[in-house]
Amino acid sequence: MKTIAVDLMGGDHAPEAIVDGIKSALKKYEDIQILAFGTVGSWTETHDRVKFVEVTEVITSEDDPVRAVRRKKDSSIVRAAKAVKEGEADAFVSAGNTGALLTAGLFVIGRIKGIERPALASMIPTTNNKGMLLLDLGANSENKPKHLLQFAHMASIYMENIRGRKNPSIGLINNGSEDIKGTPLTKETHQLLQDSNLNYSGYFETRDILTGKYDIGVTDGFTGNIVLKTIEGTASSLLGEVKKIFLSSMLNKLSALVVKKDLGQLKDLMDYRQFGGAPLLGLNGHVLKAHGSSDALAIENAIRNAITMANSDAIEQIKEAIFEDE
């Protein structure tokens, strides 16, 4: 029986969507129990596998992450992180303030010894329906080559343990595939990855992300955050334009009925909810960041991913990999 801590107060649709996601997960997974952290009234159900933990403070999306974690000790994020630290929970899921979640992870749970920077990783939908793990997505604004090498190690272990992909291929995001291109950061990282025992395939350009050419894409946090938001914005805009075209005339509406199933598949391809949250790799505990606009399905899948992580030995393998690399 695994225990998953869930932040009821984080996200655009909290606590209702979080509560509904928990209910769905409990129906689907009989071998889990939930520690639900929220303010009074956020959880009103009675369930033998849910323990509601009342908190008196909430960290909002507008709060400064470091200041909030230090001052709001009785917030759902800090209390849930503490539950992981003290062994009361095997994993933690939140759709709340990303910076606060990272700060609580660092200050409360702590990093794996030897990991210099944790990384926020996320599965990106691809046209081959496999998905690609991209990191770092903004946990760090600046990185050194050694950080990116550690990201690659952690991502490889995550993909093998959680996604079941043996010896996943790794690409380093660059402004070209030629060895002469790139910044000092990418060039030095490129050399480190070539000298590692990882399945490194070389540089790749961001236009190849959605093709699923590689299992893992590694980059610095600043670049990764821009890439992720560009993908999200482009997908949203394109789907919106397609919808406008099909609603523009009666003939187009009839055409839409003919291709409705195919359009649904296109929408599903870009649906962040299916991947179940973004893990914060490098922490000495399992922490998952669900999308801020998560609905019940996204939370259910985030809990599913948290269960898989809790049942894995990914953290121990990361510790071994970092020790061998030093």
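Helix α5 is a good place to start in this predicted model. Helix α5 has 17 residues, and from its first C-alpha to its last it reaches 25 Å. That is close to the 24 Å expected at 1.5 Å a residue. How much of α5 is buried? Of its 17 residues, 14 are buried, so α5 is largely enclosed by the rest of the structure.

One neighbour to look for is helix α6. Two packed helices are described by the angle between their axes and the distance between the axes. For α5, spanning residues 145-161, and α6, spanning residues 184-195, the angle is about 45° and the axes are 9 Å apart. That angle makes α5 oblique to α6, because oblique covers angles that are neither roughly parallel (under 35 degrees), nor roughly perpendicular (65 to 115), nor roughly antiparallel (over 145). The crossing of the two helices is right-handed. Which residues make the contact? On the α5 side they are P145, K146, L148, L149 and A152, and on the α6 side they are L185, E188, T189, L192 and L193. Sorted by class, this contact has seven nonpolar residues, one polar residue and two charged residues.

Now follow α5 to another partner. Q317, found in helix α11 (residues 314-325), touches I157 and N161, if we leave out residues up to four places away in sequence. Is Q317 buried or exposed? Neither label fits fully: Q317 has a relative accessible area of 27% and is partly exposed, because partly exposed lies between under 20% for buried and over 50% for exposed. Compare its position with that of D7: the two are 310 residues apart in sequence, and their C-alpha atoms are 27 Å apart in space.

Next, look at the loops on either side of α5. Before the helix, D136 is found in the loop between β6 (132-135) and α5. The peptide bond from L135 to D136 is cis, with omega near 0°. After the helix, N167 lies in the loop between α5 and β7 (170-173). Phi of N167 is near 50°, which is a positive value in a residue other than glycine. With a relative accessibility of 48%, N167 counts as partly exposed.

A second cis peptide bond to find runs from A14 to P15, where omega is near -5°. P15 sits in the loop between β1 (2-7) and α1 (16-28), and this brings us to another helix pair. Helix α1 packs against helix α10 (residues 296-311) at an angle of about 50°, with the two axes 7 Å apart. That makes α1 oblique to α10. This crossing, too, is right-handed. From α1, the contact uses A17, I18, D20, G21, I22, S24, A25 and K28, while α10 brings A296, I299, E300 and I303. By class, the contact has seven nonpolar, two polar and three charged residues.

Let us finish with a strand. A121 lies in β5, which covers residues 119-124. What does its surface look like in numbers? A121 has 0% relative accessibility and so counts as buried. Leaving aside neighbours within four places in sequence, A121 is in contact with L133, L134, L135 and L137, and also with A278, P279 and L281. You can also trace A121 to G138: these residues are 17 apart along the chain, and their C-alpha atoms are separated by 9.0 Å.

Terms used:
Residues are numbered from 1 along each chain as its sequence is written. This is a predicted model: local features need pLDDT of at least 70, side-chain atom pairs count only at pLDDT 80 or more; totals for chains, interfaces and linings use all residues. Side-chain values use heavy atoms; hydrogens and water are left out. Axes are lines fitted to C-alpha atoms, for helices over the stretch in contact, and angles run from 0 to 180 degrees between N-to-C directions. Helices (H or I, at least four residues) and strands (E, at least two) are DSSP runs, numbered from the N terminus. A crossing is left-handed if the near helix is turned anticlockwise from the far one by less than a right angle, and right-handed if clockwise. Contact means heavy atoms within 4.5 Å. Ala, Val, Leu, Ile, Met, Phe, Trp, Tyr, Cys and Pro count as nonpolar, Asp, Glu, Lys and Arg as charged, and the others, Gly among them, as polar. The expected span of a helix is 1.5 Å times one less than its number of residues. Buried means under 20% relative accessible area, exposed over 50%, partly exposed in between (1.4 Å probe, protein chains only).
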